[in-house]
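Biologist: I'm new to this one, so please pick out the main hollow in the model and give it a close look. What borders it, and what lies behind those borders?

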Amino acid sequence: MSKHEPAGSILCIHSVAVTPRLQRQKHGSQMLSHYVRDFLDRRIEGEGAAGSVSEMRLICKKNLRAFYQDAGGFALVGPSQVVHG
């Protein structure tokens, strides 16, 4: 995962961005959970690019792990060698 691969089998989320004045109002949680649900629905139905993706991964800073685990159902697998922001 060192570069973008349009035909790759791993979808990687790098961040969820919400403008500061709207943060801490559940907008980020709602966007992420909707995105994950929509992706899984499309993958099950074999639609478009989602049908060719075998897994979804997330790269985040340590202090945001709980947010992504709660909002998107992500689990900690281990540290990434990808440098993110």
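**The pocket and what surrounds it**

Modeller: Two elements, β2 (55-58) and α2, each put at least two residues into the lining of the largest pocket. Before going on, a word on the model: it is a predicted one, so local features need pLDDT of at least 70 and side-chain atom pairs count only at pLDDT 80 or more, while totals for chains, interfaces and linings use all residues. Residues are numbered from 1 along each chain as its sequence is written, and side-chain values use heavy atoms, with hydrogens and water left out.

Helices and strands here are DSSP runs numbered from the N terminus (H or I, at least four residues, for a helix; E, at least two, for a strand). The chain has two helices and two strands, and they come in the order β-α-β-α along the sequence. A pocket is an open set of points on a 1 Å grid over the protein atoms alone, where a 1.4 Å probe fits and protein lies on both sides within 12 Å along at least five of seven lines; lining residues have an atom within 4 Å of a point.

So how much space is in there? The largest pocket holds about 580 Å³, a volume being the space filled by probe spheres set on grid points that are joined across faces, edges and corners. There are 21 lining residues, and those closest to the pocket's centre are Leu58, Ile59, Leu76, Gly78 and Ser80. The biggest share of the lining comes from β2, with four residues. Sorted by class, the lining is made of 12 nonpolar, four polar and five charged residues. For that sorting, Ala, Val, Leu, Ile, Met, Phe, Trp, Tyr, Cys and Pro are nonpolar, Asp, Glu, Lys and Arg are charged, and the others, Gly among them, are polar.

Now stay with β2 for a moment, since Arg57 lies in that strand. Arg57 is partly exposed, at 35% relative accessible area; buried means under 20%, exposed over 50%, and partly exposed in between, using a 1.4 Å probe and protein chains only. His14 is 43 residues from Arg57 in sequence, but the two C-alpha atoms are 8.7 Å apart in space. Another link of this kind joins Gln81 and Ile59, 22 residues apart along the chain and 9.8 Å apart from C-alpha to C-alpha. Gln81 sits in the segment after α2 and is exposed, with a relative accessible area of 82%.

What lies behind all this? Phe74 makes a good bridge: among the residues it touches are Arg57 and Leu58, along with Ile13, Leu32, Val36, Met56, Tyr68 and Gln69, leaving out residues up to four places away in sequence. Touching, or contact, means heavy atoms within 4.5 Å.

Phe74 also belongs to the largest nonpolar core, whose 10 residues are Leu11, Ile13, Leu32, Val36, Phe39, Val53, Met56, Tyr68, Ala71 and Phe74. β1 (10-13), α1 (27-45) and α2 (65-72) each give at least two residues to this core, with α1 giving the most, three. A nonpolar core is a set of buried Ala, Val, Leu, Ile, Met, Phe, Trp, Tyr and Cys residues joined through side-chain atoms within 4.5 Å. In soluble globular proteins, nonpolar side chains tend to be buried together.

Leu32 is a handy core residue to follow. It is in helix α1 and counts as buried, at 2% relative accessibility. Leaving out residues up to four places away in sequence, Leu32 touches Ile13, Val16, Phe67, Tyr68, Ala71, Gly72 and Phe74. Its C-alpha atom is 9.6 Å from that of Gly73, 41 residues away along the chain.

Two of Leu32's contacts, Phe67 and Tyr68, have one more thing to show. A search of the whole structure turns up one aromatic pair. It is Phe67 with Tyr68: the ring centres are 4.9 Å apart and the planes sit at 75°, so this pair is edge-to-face. Rings of Phe, Tyr and Trp (its six-membered ring) pair if their centres lie within 6.5 Å; planes under 30 degrees apart are stacked, over 60 edge-to-face, and the rest tilted. Phe67 is partly exposed, at 28% relative accessible area, whereas Tyr68 is buried, at 4%.
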